[in-house]
Amino acid sequence: MPGRYPPGTMSLPPGPRGPLEVARAFRTFTRDPDGAILDLSTRYGDVVSLRIGTELVVVLADPELIGELLLDKDAAFMKDNVTRGLAQVLGKGLLTSEGELWRKQRKLIAPSLSKKQIASYADAMVLHGRRYAERLSNGEVRDLHADMSAVTLAIVVATLFGTELAGGQERVGVVVDQYMEDFHALVHSWRRLFPEWFPFPERRRGNRTVKELDALVFDIIRRKRASKERGDDLLSRLLLARDESEPSSGMDDQQLRDEVITLFMAGHETTANALAWTLLLLAEHPEIDARVSCEVASVLGTRAAAAEDVAKLPVTRAVIDESMRLYPPAHIIGRESLREVRLGEYTIPRGTSVLASPWAMHHDRRFFPDPEAFRPDRWLDGSTASLPRYAYMPFGGGPRVCVGNHFAMMEAVLVLATIVQRVRFERISRAPVRAQPAITLRPVDGVPLRVALRAPRVSA
């Protein structure tokens, strides 16, 4: 049976054993997988095994072993069953595809998201960040997670499609948010133990979401193809993308749909979370907020930011790096072994789920002293220069590192700098903002903060 050690042939890595301990571990893991991984590695070591239902799970908490998983022995693994479940909405896009299809698509898409190409998207990032900041009123209370979701949604629509969405962006944002909540309910609860065909309400809603997104995206693709006009938007570039071995043919509509929805959901959700957590942390640390404001004022004055300013804002970048250390948007990475494979001193059987948690690594005091503290200076004073390669991985690692990492980082820096020019935010409560370990690491009940205006409007 896949994922099971044949009796008497090999030993499991250490971990919870016995019915009560396994049940307790299962309950903890489904509620807080990242915290469970950090706790398990503290108790049992850098390689831990446990069962979640009938599934054998091996957890890695060592950067060298994570490097084996993501890079050295990448060919021995595919995405885990949780990630594969996203194929319901993402199809065979970059996140869920495997093998030759993934290699071909990565080769086609990567040039459109290179550092050189994404510079043309900076103006849209700054424009929508500025529009948001200029609408704010002094003293009002805002949900920064909802706000950043709206800003990044506007940016991804402008840069991906180059056109307005039929029916409005707000509806799409609501649909995507509902899908995230439903998927979380399916994989981080007892529902995970049921087969995929079981008709939970969350799964039925997911099917309706897919149909709605399909209608929207296929309509845009058809209109783009028919117009023959190509702009700088990502969809236009994907329509023109060609494999050197097949220069006469590009992606068909279905593959375009899968890649577009993958880029849409990943680009919108992860950056929104990163910005929301960052603005929360700045509200909780006004002395660091003041440093960012000073840097932005020194570099930009009252003018709008541009792509070339990203390199001139090291404190702003360090704040985002530290925010993504504490709250990595892609907080857990899962693989499933395609064959028996050696990781460290253990032989992992075929069909085993192998997990690595960026969140757990980022909160490991072996690599980050005082790991719970928000200390952006650790990225400026050289103390992180000698980190093991996979101790910090907010965008994953190995061949399947996030293809949009440069886009996301430029967007986060430019939007943060643009907002900081005009406003700062203040906490209205001392209650902690809890994180939900869904597909991405999201705030559970939003990020309510009070607006405090501090600068004139940015001149055009």
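A polar contact is a pair of N or O atoms within 3.5 Å; within protein, one must be able to donate a hydrogen and the other to accept it, and residues adjacent in sequence count only if both atoms are side-chain atoms. The model is predicted, so that local features need pLDDT of at least 70 and side-chain atom pairs count only at pLDDT 80 or more, while totals for chains, interfaces and linings use all residues. Residues are numbered from 1 along each chain as its sequence is written, and side-chain values use heavy atoms, with hydrogens and water left out.

**Exercise 1.** Describe the surroundings of Lys224, beginning with its place in the secondary structure.

*Solution.* Step one: Lys224 belongs to helix H11 (residues 201-227), where helices (H or I, at least four residues) and strands (E, at least two) are DSSP runs numbered from the N terminus. Step two: Lys224 counts as buried because its relative accessible area is 12%, given that buried means under 20%, exposed over 50% and partly exposed in between (1.4 Å probe, protein chains only). Step three: a polar atom of the Lys224 side chain lies 3.2 Å from the backbone oxygen of Phe161. Step four: leaving out residues up to four places away in sequence, Lys224 touches Phe161, Glu229, Arg230, Asp233, Leu235, Ser236 and Leu239, contact meaning heavy atoms within 4.5 Å.

**Exercise 2.** Work out which strands lie at the edges of the open sheet of 5 strands, and locate the bridge partner of Arg335.

*Solution.* Step one: the strand order is S1-S2-S8-S5-S3, with mixed pairing, two strands being paired if DSSP finds at least two bridges between them. Step two: strand S1 (47-52) and strand S3 (77-79) are the edge strands, since each pairs on one side only. Step three: strand S5 (residues 333-337) and strand S8 (residues 353-356) run antiparallel and are joined by 4 bridges, and the partner of Arg335 in S8 is Val354.

**Exercise 3.** Identify the members of the largest nonpolar core that touch the most other members, and follow Phe264 outward from there.

*Solution.* Step one: a nonpolar core is a set of buried Ala, Val, Leu, Ile, Met, Phe, Trp, Tyr and Cys residues joined through side-chain atoms within 4.5 Å. Step two: among its 133 residues, Leu60, Met148, Phe264, Met265 and Phe425 touch the most other members, and helix H13 (residues 253-284) supplies the largest share, 16 residues. Step three: apart from neighbours within four places in sequence, Phe264 is in contact with Leu153, Val156, Val157, Leu160, Phe161, Val172 and Val176.
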